[in-house]
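Hello,

Here is the structure I promised to pass on to you. Have a look at it first, and then read my notes on the ligand site below.

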Amino acid sequence: MIDAPTKLLIDGELRDAQTGRTFTTYDPAHGRDLANVAQAGTEDVNAAVTAARGAFEGAWAKTSPAKRARALNRLAQLLDEQTDALAELESRNNGKAKWQCAAEIKVAVATLELFAGTAQHLYGRSHVVNPSVVSYTLREPVGVVGAIIPWNYPLMMAAWKVAPALATGNTLVLKPASATPLTAIRLGELALEAGIPAGVLNVVPGPGAEVGEAIAAHPGIDKVAFTGETSTGRRIAQVAAQSLKRVSLELGGKSPNIVFADADVDAAVIGSLWAIYYSAGQSCEARSRILVQDEAYDAFASAFAEKAKSLSVGDPLNDDTKIGSLISRSHADKVRGFVEMGVADGGELLAGDGLSLGEGLDGDAFVAPTVIGGVANDSRIAQEEVFGPVVTLTRFADEAEAVKFANDVRYGLAATVWTGDGARGHRVAQKIRSGAIGINTPFIAFPGVPFGGFKESGYGREQSIEALDLYTETKAILQGTSPKAANPLGV
Ligand code: NAD
């Protein structure tokens with residue numbers, strides 16, 4: 001057990017759940033209980049919505065955009081100063097390498113700063129409709145936002161929702177994943193310390209089926225911002241439809257990584273390792289299908305498998321660990337099941353058998369970086385989101401087939417194209433139905449760059465100016481300018 005915030009944060013107060021219930025959250029890498037956390041129920045969601053509504057109509061509504069920006073920048077500064085402690089908490093709760101958690105906290109800092117900068121630039125448009133009428137538009141906050149986030153980038157995903165929502169004047173009820181509630185509660189505490197008024201950011205850890213559904217259904221919540229699995233997003237959209245609340249969805253992926261024979265193979269190997277194995281493959285934008293042109297296939301496959309075997313898997317708190325544990329034993333079992341299925345369906349295991357770990361780690365929660373070669377693009381392992389350090393290799397003959405395979409999947413979140421032909425890179429990028437495509441770079445998510453999905457990867461764009469549309473309503477105001485009263489009925 002560690003010293004970490006474990007209560008609900010409602011109306012500026014750390015509280016026990018009204019039922020008194022708690023749940024245990026774990027340190028998956030070491031196979032230990034980490035903390036007992038207050039488990040919110042529907043009555044706590046009701047209290048959080050009441051607090052958020054009160055703050056929306058009260059203290060936060062009275063806060064000028066400049067003051068909102070200042071508070072967000074202060075919150076960014078607090079996160080920045082406490083990166084090490086937050087990264088340790090995140091790493092223990094998630095199993096991810098601590099240096100990766102620290103990098104993600106810096107992204108959260110940059111995200112808060114990005115949106116702080118937009119708070120004073122929420123411009124509308126003016127328009128002379130005709131000689132007698134002028135109109136202008138206002139961008140007003142949607143109201144109370146229910147934010148439901150996953151466990152794979154806990155604090156960063158919270159910041160992706162909290163920053164644009166608060167910059168535009170909304171208040172929030174934030175539900176972290178039960179596997180990783182700790183840094184979200186800490187974020188709520190730091191928001192208070194940064195001067196964000198009580199009730200503006202409420203945090204209610206608890207089970208998705210109860211607390212998440214209560215948020216999606218709540219008539220006092222105006223918008224749900226969700227990140228998680230496609231099946232959960234579909235359910236949330238259905239529940240939210242009853243009250244016609246606004247919904248934005250950042251969902252799953254099965255993103256392609258296309259290596260043409262004219263690419264710099266060394267660069268493609270190094271970049272492709274990052275694109276799948278960062279966060280132990282538990283990334284929505286993981287490029288988990290490597291498509292390789294026939295002529296380059298053998299050279300790429302052997303070089304990639306060698307490098308994959310060389311990645312150090314181990315204690316997430318060690319600086320030289322590249323791959324920590326997965327989020328839980330049960331998730332690791334699911335990932336191992338996918339590997340067995342991929343091999344049973346005719347794939348060749350090029351890397352991934354055998355894992356030697358140091359003392360004190362729970363081996364059942366770890367999966368070695370795995371490469372399965374010779375996979376058909378329509379096989380299950382190439383179509384379903386594995387969400388672990390597992391990548392498939394599939395051959396293609398030419399550009400048309402590469403594009404066909406890239407798009408032949410229900411998701412459309414990300415893609416990478418490796419080629420020495422600049423025109424081809426852009427041509428292929430234009431044909432791929434995905435929200436973000438890297439050409440000769442594995443990095444596709446930066447504050448300032450739109451992030452979101454096509455197809456069953458969801459709708460809405462975060463991390464960029466487009467996100468302001470997700471958190472504002474446009475209001476048109478019209479003014480008569482004629483000196484004579486209009487008399488359209490001629491009475
Ligand atoms: P998940 O869908 O199981 O859970 C996400 C959140 O939804 C959790 O807080 C959970 O408690 C809650 N939830 C579960 N059932 C619910 C319900 N019926 N109603 C309301 N809320 C409910 O996802 P996960 O396993 O935590 O995260 C992994 C998934 O997230 C992957 O599919 C991944 O691709 C996706 N993801 C997408 C993005 C993106 O930006 N597109 C980013 C990160 C993760």
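Which polar side-chain atom lies 2.8 Å from an oxygen atom of the ligand? That atom belongs to Lys175. Please keep in mind that this is a predicted model.

Two further polar contacts caught my eye. The side chain of Trp151 places an N or O atom 2.9 Å from an oxygen atom of the ligand, and a polar backbone atom of Glu229 is 2.9 Å from a ligand oxygen atom. The ligand exposes 850 Å² when taken alone, and the protein buries 90% of that. The space that the ligand takes is the largest pocket.

As for the surroundings, there are 27 residues around the ligand, and those that come nearest are Ile149, Lys175, Thr232, Leu251 and Glu385. By character, the shell consists of 14 nonpolar, seven polar and six charged residues. At least two shell residues come from each of α7 (208–217), β10 (223–227) and α8 (230–241). On the domain level, domain 1 (8–251 + 457–476) and domain 2 (256–439) each give at least three residues to the shell around the ligand.

Happy viewing, and best wishes!

Key
Residues numbered from 1 in each chain as written. Predicted model: local features only at pLDDT ≥ 70, side-chain atom pairs only at ≥ 80, totals over all residues. Heavy atoms only, no water. Near = heavy atom within 4 Å. Polar contact = N/O pair within 3.5 Å; in protein donor to acceptor, adjacent residues only side chain to side chain. Areas by Shrake-Rupley, 256 points an atom, 1.4 Å probe, with all protein chains shown as cover. 1 Å grid on protein atoms, 1.4 Å probe; cavity = no way out; pocket = protein on both sides within 12 Å on 5 of 7 lines; lining within 4 Å. Sits in = over half its atoms within 2 Å of the grid points. Helix = DSSP H or I, 4+ residues; strand = E, 2+ residues; numbered from the N terminus. Nonpolar A, V, L, I, M, F, W, Y, C, P; charged D, E, K, R; others polar. Domains from an automatic or database assignment.
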